[in-house]
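Colleague: I am new to this structure, and I would like to go through it with you step by step. Could you show it to me before we begin?

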Amino acid sequence: MGAKGVKQETEEQQDFVKEVTKMSDDFDRWYTDVVRKAELADWSGVRGMMVVRPYGWAMWEAIMRAFDDMIKESGHENWAFPLLIPREYLMKEAEHIEGFAPEVAWVTRAGGSMEELEEPLAVRPTSETIIGPLIKRYIQSHRDLPKLTNQWNSVVRWEMRSRLFLRSREFWWQEGHTFHASADEAMQEADLILGYYRSIAEDWLAVPVLTGRKSPAETFPGAVHTLTVEGLMRDGLALQMGTSHYFGQNFARAYDISFSNRENARELCYSTSWGISTRLVGALVMAHGDDSGLIMPPKIAPIQVVIVPIFRDDESRTKVERFIDTWSPNLRAAGIRHRVDWRDERPGDKYAHWELKGVPIRLNVGGRDADAGQVEMVDRLARQKVGVPISGIGKRLAHELDAFQKKLFDRALNYQSDNTYQLETLDQVVAHFRERGGFVWTQWCGEGEEEARIKTDAGGVTIRTIDEETKVSGRCFVCGRPAKSRVALAKAY
RNA sequence: CGGGGAGUAGCGCAGCCCGGUAGCGCACUUGACUGGGGGUCAAGUGGUCGCGGGUUCAAAUCCCGCCUCCCCGACCA
């Protein structure tokens, strides 16, 4: 049906990429179009099971590298724990299993004749229940603590409704699990990781976030408290971009993970767990994208600079190629991930292609540029063509990429502040979310029944995070009693 | 998991009601002209009609079951 509909495009020069549904027309369709056409991921034929394509995986790889470096720096070690969890392990921590039971997939048969297993095995939805009983072997003494483990893997949660990257039945993530000799130390660990997550979101993905504690209803099953990183997407919905849990001794008690302290007394460990997932790739799409497709923060971009040669025949091609060869090594020297697009396509196709893929900077290079000793630079945000001399181009581009990273963050930060409000009553909140999205700060008494009322009365609005830094004075926006904490509300994915 | 819609070439669709052995656009391949924002022409390739069963001389088309996808709701990193 597209052919006729697309005709009525306004003749803005902005309207470069034509194969993606406009964000303003239908955000969900826009998202799906971008993810698929930018070749990030696809569905696989088994419901809810995603195939992550190289370009999408490269984004995840950048995140993995950044985070892996952070946790290695603070002494964490990567492990590999089993995919399948015996039922009895899974069942030990009551709240945990109650929370996860609805979405666990079970292996009940195996072998050529599909014999029924004596004991069903759960496909891990998260690994607390397998790491607990295994890790205790390695923890005897306070000298064995802290035990700081992490694993990069995939987990399965039998979701009923799926969206690429945001909610699939299998997703890839890291799950950190740490064990400590004191509550204080474990809580500090959860805080430390929250800081890392904030850095991943803001410094790497260029997505500004709110951080804080989850309300009881949103706390991880089995946790004492859950810390969260919440970003705002361009449709006004919030997205949880990472969580860090403090377990107290809950899991240690369930699995008897204990150590001999300095007084030679037996004591239960304090533990944490924390995770970020391929969901962040979706966050990147929804936080920065526009009607032309992705906009990639340079630090994550699989390709930071793309060079589009422009030529008409072998002779001019050779000329352009020689020209590019004279300065492109400078990009490598400057540590810039770049690629020359020699594909047999027309320049306009290539422009649209790389814009869809969100490459931060494009260099158009033709014979005229070779003669002038310059290139034509276009960045994905401003989309203005600027002549750039090739002398010092490596440094210049490195600088442009830094500036781009910052511009992208500032743009997202402005968007966040423009869509953050302060309200005082439930009526105001309900009215607000009927009209628009965004974050709404208010204050709350902390009672569970009030939290439940928000969700029903305000149509899916939830407490995203509790600000523990700021003291509150006002009244609970639901019941009017004195408020205990400042909270951010939003509709969320 | 409830309610609605849909699966025909890589993508988007027509054909189905009224059974007769599959078509259109884009993409793809080859060639020519082209090339600084998505070009033109010509000649081609490509389909177990989602899967399984049934009815029939004959099934994309009719019947039954299943799978998958999309939209809307309840649950969720």
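Modeller: Before we start, one term is needed: a residue is called buried when its relative accessible area is under 20%, and exposed when that area is over 50%. Please also keep in mind that this is a predicted model.

Colleague: Which residues of helix α11 are buried?

Modeller: Helix α11 spans residues 347-356, and the elements that cover its buried residues include α2 (27-37), β15 (305-310), β16 (338-340) and β17 (361-366). Just after this helix, G358 takes a positive phi of about 75 degrees. The buried residues of α11 are K350, Y351, A352, W354, E355 and L356.

Colleague: Which helix gives the most to the largest nonpolar core?

Modeller: That core has 65 residues, and those with the most contacts inside it are L40, F67, F165, L205 and M241. The helix that contributes the most, with 10 residues, is α3 (residues 54-73).

Colleague: Why does this core lie between domain 1 and domain 2?

Modeller: Apart from this core lies another, of 23 residues, with V104, A122, I139 and F179 among them, but your question concerns the largest one. It lies between the two domains because residues are given to it both by domain 1 (34-288) and by domain 2 (305-406).

Colleague: Which residues does L205 touch, leaving aside those up to four places away in sequence?

Modeller: L205 is among the residues with the most contacts inside the largest nonpolar core. With those sequence neighbours left out, L205 touches I63, I200, M241, L280, L284, H288, P297 and I300.

Colleague: Which residues that line the largest pocket are the closest to its centre?

Modeller: The largest pocket has a volume of about 1,300 Å³, and its lining draws at least three residues from each of domain 1 (34-288) and domain 3 (420-491). By type, the lining residues divide into 18 nonpolar, 17 polar and 14 charged. Of the 49 residues in this lining, the closest to the centre are R157, R167, E218, Q240 and R279.

Colleague: Is L117 buried, partly exposed or exposed?

Modeller: L117 has its place in strand β6 (residues 115-123), and beyond its sequence neighbours up to four places away it touches V107, T108, R109 and A110. Of these, V107 is 10 residues apart from L117 in sequence and 8.1 Å apart in space, C-alpha to C-alpha. Its relative accessible area is 25%, so L117 is partly exposed.

Terms used. Residues numbered from 1 in each chain as written. Chains lettered and ligands numbered in written order. Predicted model: local features only at pLDDT ≥ 70, side-chain atom pairs only at ≥ 80, totals over all residues. Heavy atoms only, no water. Core = buried A, V, L, I, M, F, W, Y, C linked by side-chain atoms within 4.5 Å. Buried < 20%, exposed > 50% of the residue type's maximum accessible area, 1.4 Å probe, protein only. Helix = DSSP H or I, 4+ residues; strand = E, 2+ residues; numbered from the N terminus. Domains from an automatic or database assignment. Contact = heavy atoms within 4.5 Å. 1 Å grid on protein atoms, 1.4 Å probe; cavity = no way out; pocket = protein on both sides within 12 Å on 5 of 7 lines; lining within 4 Å. Points joined across faces, edges and corners; volume = space filled by probe spheres on them. Nonpolar A, V, L, I, M, F, W, Y, C, P; charged D, E, K, R; others polar.
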